[in-house]
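Trainee: Could you take me through one part of this structure up close? I'd like to start with a single pair of strand neighbours and then see what surrounds them.

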Amino acid sequence: MALVLALETSCDESAAAVVASRDGDCQVLSSRIASQVEEHARWGGVVPEIASRRHVEALPVLVETVLAETGVTVGDLDAVAATVAPGLAGALMVASVTGRSLAALHGRPFIGVHHLEGHLASVQLADRSPEAPYLVLLVSGGHTELIRVDRSGGMLRLGRSHDDAAGEAFDKVARLLGLGYPGGPAIQTAAESGDPQRFPLPKGRVSRPEGGFYPYDFSFSGLKTAMLRTVEKLRSDQSELPLADLAASFEQVVAEVLVERSLRCARDQGLDQLVMVGGVAANRRLRSLVTEQAEALNLGVTIAPLKFCTDNAAMIGAAALTRLARTVTASSLEIGVAPRWSLDQADDLYKTPPPF
Ligand code: KG4
Ligand code: ZN
């Protein structure tokens, strides 16, 4: 059995977890999250300075809580893990410094984790986790990517958004509709009673310089503009905004685009399993559409458990355990944080000297 304490502070959730692996199966022994969402909601988005300060206050309490709940001491751990990239620099620093200090004080290895690798690992926390190879649709506030994961753990990005991430589009459209922050859950709630077919909206595509379109890439900026134009037109007609129909139409087109391109990519790659992770994977319409359409094509679907879609530390622990099981022994204690660092470069987090 391997046991890790994992920390996550890359954006606006402070989180700590104790995660164990037994015979390759991940078990979350305790997972705690202190959300700052209400505080940032007042400003309509995440304020980096406030996020860092709140992490400093919340993280030590969360660490004490998850250790007390599991009866584990730092000395029992096989490693202390923390997200070190990508994210808000000041926010990332809190988990990175806390994790490295605990590791150094107790003579345990430190494992720096790439946040997206954490999201990918969240599927290991499902009741039945899929066996690679599979295609992952990673949809969060900062990223929309299609990634092929191979049996060896190798990851290859096959598709991406050229402008906003899907979650960012939810957040911006929610602001446009006056629905508040974070936009995803607000739009989902407003959309419940709406007509998803009422407003025809575009499915943005990305042109190739040599002609045609990138088949697995995404663009949400045209959709955002179409929503703005629709709202402006309704306002100029003096009509009250049909918020439920607007939210449902938007949610529907985003879900359709994500599902269509993922299924096409999986089929072209000869993969018979699709995995969905990240904050937007919590969306009910998207969850049901992907399940229904993949099943119709005989594709297996695994979606990260609802509570591990949005940011949490259990997924960071799962990623660290996978690294430990596959030859990584530690990151350098001199590693810092990197606000931007692509998933292709995740292996570099374990090099000496560290890349940042
Ligand atoms: O993965 P996550 O917690 O943080 C990042 O790594 O970005 O994702 C946050 C994003 C936000 O944009 C939020 O609006 C979106 O996930 N989100 C949702 C839902 N819950 C969270 N989007 C659509 N429907 C939801 N139910
Ligand atoms: Zn995230």
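Mentor: Let's start with T83, which stands opposite V113 in strand 5. Keep in mind as we go that this is a predicted model. Strand 4 covers residues 79-85, and five bridges join strand 4 to strand 5, with the two running parallel. If the word is new to you, strands of a sheet pair through backbone hydrogen bonds, and they can do so either parallel or antiparallel.

Now zoom out a little. The sheet here is an open one, formed by five strands in the order 3-2-1-4-5, and its pairing is mixed. Strand 3 (25-35) and strand 5 (110-114) stand at the edges with a single partner strand each, so one side of each has no neighbour in the sheet. On average, neighbouring strands of this sheet are turned by 25° against each other, if you ignore direction.

There's another open sheet of five strands to look at, with the order 8-7-6-9-10 and, again, mixed pairing. Its edges are strand 8 (155-160) and strand 10 (300-303); each has a single partner strand, so one side of each is left without a neighbour in the sheet. From one strand to the next, the twist averages 25°. Inside this sheet, look at strand 6 (residues 134-139) and strand 7 (residues 144-149): they run antiparallel and are joined by six bridges. One pair to find there is L135 with its bridge partner in strand 7, R148.

Just before strand 6 there's a small oddity worth a click. The peptide bond from A132 to P133 is cis, with omega near 10°, and P133 sits in the loop between helix 4 and strand 6. You can find another cis peptide bond between T352 and P353, where omega is about -5°. P353 belongs to the segment after helix 10 (314-325). While you're checking backbone angles, try Q238 too: its phi is positive, about 65°, although Q238 is not a glycine. Q238 lies in the loop between helix 7 (221-236) and helix 8 (243-269).

Next up is ligand 1. Of the 19 residues around ligand 1, the ones that come nearest are H119, G141, D171, G184 and D311. By class, the shell has five nonpolar, 12 polar and two charged residues. Helix 4 (115-121), helix 5 (166-176) and helix 6 (183-191) each supply at least two residues of that shell, and helix 6 gives the largest share, four residues. The shell also draws on two domains, taking at least three residues from each of domain 1 (2-121 + 311-350) and domain 2 (130-303).

Want some individual contacts to pick out on screen? The side chain of H115 has an N or O atom 3.1 Å from an oxygen atom of ligand 1. With G279 the backbone is involved: one of its N or O atoms lies 3.1 Å from an oxygen atom of ligand 1. N283 has a polar side-chain atom 3.0 Å from a nitrogen atom of the ligand. As for cover, ligand 1 on its own has 560 Å² of accessible area, and the protein covers 88% of that.

Technical notes
Residues are numbered from 1 along each chain as its sequence is written. Chains are lettered from A and ligands numbered from 1 in the order in which they are written. This is a predicted model: local features need pLDDT of at least 70, side-chain atom pairs count only at pLDDT 80 or more; totals for chains, interfaces and linings use all residues. Side-chain values use heavy atoms; hydrogens and water are left out. A residue is near a molecule or strand if one of its heavy atoms lies within 4 Å of it. A polar contact is a pair of N or O atoms within 3.5 Å; within protein, one must be able to donate a hydrogen and the other to accept it, and residues adjacent in sequence count only if both atoms are side-chain atoms. Accessible areas come from the Shrake-Rupley method with a 1.4 Å probe; for residues, only the protein chains shown count as cover. Ala, Val, Leu, Ile, Met, Phe, Trp, Tyr, Cys and Pro count as nonpolar, Asp, Glu, Lys and Arg as charged, and the others, Gly among them, as polar. Domain bounds come from an automatic or database domain assignment. Two strands pair if DSSP finds at least two bridges between them. Axes are lines fitted to C-alpha atoms, for helices over the stretch in contact, and angles run from 0 to 180 degrees between N-to-C directions.
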